[in-house]
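I opened this model to look up a few helices, salt bridges and ring pairs. My notes are below.

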Amino acid sequence: MGIARTIALSAALAAVSCTAHAQGKPAAKDAVLYFVWPQNGANIKGAFWCRFGLRNMGVTHAGDDFQNSGHHHLLIDVNEPLDVKEPIPQDKSHLHFGAGQTEARIDLPPGKHTLQLVLGDAKHYPFDPPLVSDKITITVR
Amino acid sequence: MRDKIRDINSARNARDSAPPRMLTPRRLAAIVAGDIAGYSRLMEVDEEGTHERVRRIQRDLVDPTIAEHHGRLVKTTGDGFFAIFDSPVEAVRCGIVIQQNMQGRNASMPRDHWIEFRIGVNLGDVIIEDDDVYGDGVNIASRLERIADPGQLYISGGIYEQIKNKLVCGYQSLGDRRVKNITDPIRVYRVLPDPAAFSKSRRRENILLLLLSCVLLAIVGAAFWYLLPHPYPTMRHQASTQALPAAPNEPSLLAPLARQAAPPPQPPQSSPSVAPVTQGAAPPIQPAPSTAPAVKQAALQPHPAPAAPPAPAIREPEMITVRGGSFTMGSNDDATEKPVHQVTLKPFAIGRYPVSIREWNECAAAKACPFEAAGNDDAPVTNLSWSDAKQFVGWLAGATKKPYRLPSEAEWEFAARAGTQTRYWWGDRFQSGMANCKNCGDVPSAEQPIKVGSFKPNPFGLYDMGGGVNQWVEDCWHKNYHGAPSDGSPWVEGDCASHVIRSGSWKNGERYARPASRDYYDTNVRYPTHGLRVALSP
């Protein structure tokens, strides 16, 4: 009966509150964020599918605060350093993939561009230290 | 299944050689498949009665439960359904609620009339189309459902991994199971408590009863708590005077109505400064019609004096009526804003300010919005997904019995331009102090934008149309205006996984504060700068 009560109570609690505030969480030590495609230095014609790779951590939805998981952000031609105390900005050069997407169709104007991935936590904050991919440079013809 | 998850995490590097799919966006989703066990037997026993009961269950239980848990019903078959959820936790909760409810419904029936669902939940990559969903993630969910005993909820290992620390239920591992047409075995878990276990063991019955009573108690307690403080009438008037700096001397009883009807951009027979006359290169409109004459005009209109305000006092947003007309939508400043095209709109009303935390929290208090927002009551509400915004306008429309809704993208831009064709409503050059944006003036960007209406209104009398908070509109995202409607209606065809946000925010630079600027975000994802503004059909 005691167990039953505990279970019932925690179930009720879980049902009522499910918002944990999380920022500055450390990422998994051996986690690697990388581009499956394109590779650094790639020459691309027109729009392309950019594919995101993540090892040793899981991809989940923004808002879901699971251990060892996050969601992708793609930074296009961003030079400013990342602020771990702020949510990852949302604008035309910081694309968010909060629905758990692992690829995106990217359409850039011709020229050289840099791409970098940043993993964000449930509240869109970078991990601390940030889990980022290498910044790659591609040329769109 | 485990292979599948590995696949998602590494973005399917193995299948990279496959040609990219252009029009089939793949999503990670929790898929819930449910069907009624022994449907044909039930139909044999009592065809009409069963059909009617199943329909009622679908309408009264399944549909609302899915909606409550932020899921989407994608398909119903005669005796079953498919729904997708962004969150595995919500998906499983939804399954539990349905099963528990069915248990209660069956209790009063003879055993051979029981309607029992089998439910399977799986996490997987799916392809979503308008009225269906594909992919082996879906097949696995439906296989799980097939192997589940009546009244039970089976989940895959992928779901289990996501929810085991979040949902306190019993989970019974059933080991790896081979299922039809899926190569790899799937790890299967049974979620407890469930109705079958309920009828079998007294112990479980106790748990279930306790759980139910706890939930009931919580609901009753919460309802009581929210019903207790009822200072609406006084609060309302306070708020209306606060929120209306332009007309502080109005008799407060009339205030809501007058504001409601006040159409500032319609000075009596005044000439070119009116919205609809904006064909072609309209001259920048002098922001002449201040609110004062408008209010007077509204007061002159033969509005019957409100005999008695309707009982549940809901604070309606202050609305500005915008006369319809034609305008040139879009710009050449960004690829997403092209082509520049002509749009003709019908009249509509739009909120003078973005929705504030105070307004949002009334919806939250009514349990119609999903969370209570913290912060200054006069600050715009933020951290909303498009679905949250829709819930708010849905509640407002229901509570006021007026057709409140989100504006269409065209209506938003028309209202933001307020008759101008320049880059900003005040001209082609940015001026500091005109909008709440990043590095745009003396106001340092803070955690939350300052209260609504702190900057100058545009010629229509609208505040924060550019900068402040991003505002969700009704339209699905399209990457440019090719094929856009020209009648001002929302553009909802196509892939609706993301919706349009307008206005830029206090964290975006000045170019995002242009009336033509547009951006998008995932429909069901919250972000700290996203809020809304309401519109109202006449």
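The entries that follow go from chain B as a whole to single residues and pairs.

**Entry 1: chain B overall.** I noted at the start that this is a predicted model. I looked up the elements of chain B and found 14 helices and 18 strands. I then checked burial: of its 538 residues, 53% count as buried. I also looked at contacts in chain B with a separation of 6 or more, and residues 24 or more positions apart account for 72% of them.

**Entry 2: helix H3 of chain B.** I checked the length of H3(B), which covers residues 47-68. At 1.5 Å a residue, its 22 residues should span 32 Å, and the end C-alpha atoms are 30 Å apart, so the two values agree. Where is the kink in H3(B) centred? I found the centre at B:Gln58, with a kink of about 35 degrees.

Next I looked at the two ends. At the N-terminal end, B:Asp46 acts as a cap, with a side-chain oxygen 3.0 Å from the backbone nitrogen of B:Gly49. After the helix comes B:His70, which has a positive phi near 60 degrees.

I listed the buried residues of H3(B): B:Thr50, B:Arg53, B:Val54, B:Ile57, B:Gln58, B:Leu61, B:Val62, B:Thr65 and B:Ile66. I kept a general rule beside that list: an α-helix has 3.6 residues a turn, so residues three or four places apart point the same way. What do the buried residues of H3(B) pack against? I found strands E1 (26-36), E2 (71-77), E3 (80-85) and E4 (117-129), together with helices H2 (39-45) and H4 (88-107), all in chain B.

**Entry 3: B:Val133.** I looked up this residue in strand E5 of chain B, which covers residues 132-134. Is B:Val133 buried or exposed? I read a relative accessibility of 6%, so B:Val133 counts as buried. Leaving out residues up to four places away in sequence, B:Val133 touches B:Val74, B:Ile84, B:Val126, B:Ile127, B:Ile128 and B:Val138. I also checked B:Phe82, which is 51 residues from B:Val133 along the chain; their C-alpha atoms are separated by 8.4 Å.

**Entry 4: helix H14 of chain B.** I counted burial here too. 9 of the 9 residues of H14(B) are buried, so this helix is largely enclosed by the rest of the structure. Among them are B:Glu409, B:Trp412, B:Glu413, B:Phe414 and B:Arg417. Just after H14(B), I found B:Ala418 with a positive phi of about 50 degrees.

**Entry 5: salt bridges.** I got a count of 31 salt bridges over all chains. I looked at three of them.

One is between B:Arg518 and B:Glu409, at 2.6 Å from N to O. B:Arg518 lies in strand E16 (residues 518-522) and B:Glu409 in helix H14, so the pair ties together parts of chain B that are 109 residues apart in sequence. B:Arg518 has a relative accessible area of 0% and is buried; B:Glu409, at 2%, is buried too. I noted that these two belong to a network of salt bridges with B:Glu413, B:Arg417 and B:Arg502.

Another joins B:Asp333 to B:Arg423, with the closest N and O atoms 3.0 Å apart. B:Asp333 is in the loop between strands E10 (325-329) and E11 (341-345), and B:Arg423 is in the loop between helix H14 (409-417) and strand E14 (470-476), so the pair ties together parts 90 residues apart in sequence. I read 41% relative accessibility for B:Asp333, which counts as partly exposed, and 33% for B:Arg423, which also counts as partly exposed.

The last is between B:Arg111 and B:Glu116, at 3.8 Å between the closest N and O atoms. B:Arg111 counts as exposed at 54% relative accessibility, whereas B:Glu116 counts as buried at 15%.

**Entry 6: aromatic pairs.** I got a count of 17 aromatic pairs over all chains. I looked up A:Trp37 and A:Phe48, which pair edge-to-face, 6.0 Å centre to centre with 65 degrees between the planes. A:Trp37 lies in strand E1 (residues 32-37) and A:Phe48 in strand E3 (residues 48-55) of chain A, so the pair ties together parts 11 residues apart in sequence. A:Trp37 is partly exposed at 34%, whereas A:Phe48 is buried at 4%.

In chain B, I found ring pairs linking B:Phe327, B:Phe348, B:Phe414 and B:Phe460 into a cluster. B:Phe414 is also one of the buried residues of H14(B).

Conventions:
Residues are numbered from 1 along each chain as its sequence is written. Chains are lettered from A and ligands numbered from 1 in the order in which they are written. This is a predicted model: local features need pLDDT of at least 70, side-chain atom pairs count only at pLDDT 80 or more; totals for chains, interfaces and linings use all residues. Side-chain values use heavy atoms; hydrogens and water are left out. A salt bridge is a side-chain nitrogen of Lys or Arg within 4 Å of a carboxyl oxygen of Asp or Glu. Buried means under 20% relative accessible area, exposed over 50%, partly exposed in between (1.4 Å probe, protein chains only). Helices (H or I, at least four residues) and strands (E, at least two) are DSSP runs, numbered from the N terminus. The expected span of a helix is 1.5 Å times one less than its number of residues. The bend at a residue is the angle between axes fitted to the seven residues ending there and the seven starting there. Contact means heavy atoms within 4.5 Å. A polar contact is a pair of N or O atoms within 3.5 Å; within protein, one must be able to donate a hydrogen and the other to accept it, and residues adjacent in sequence count only if both atoms are side-chain atoms. Rings of Phe, Tyr and Trp (its six-membered ring) pair if their centres lie within 6.5 Å; planes under 30 degrees apart count as stacked, over 60 as edge-to-face and the rest as tilted.
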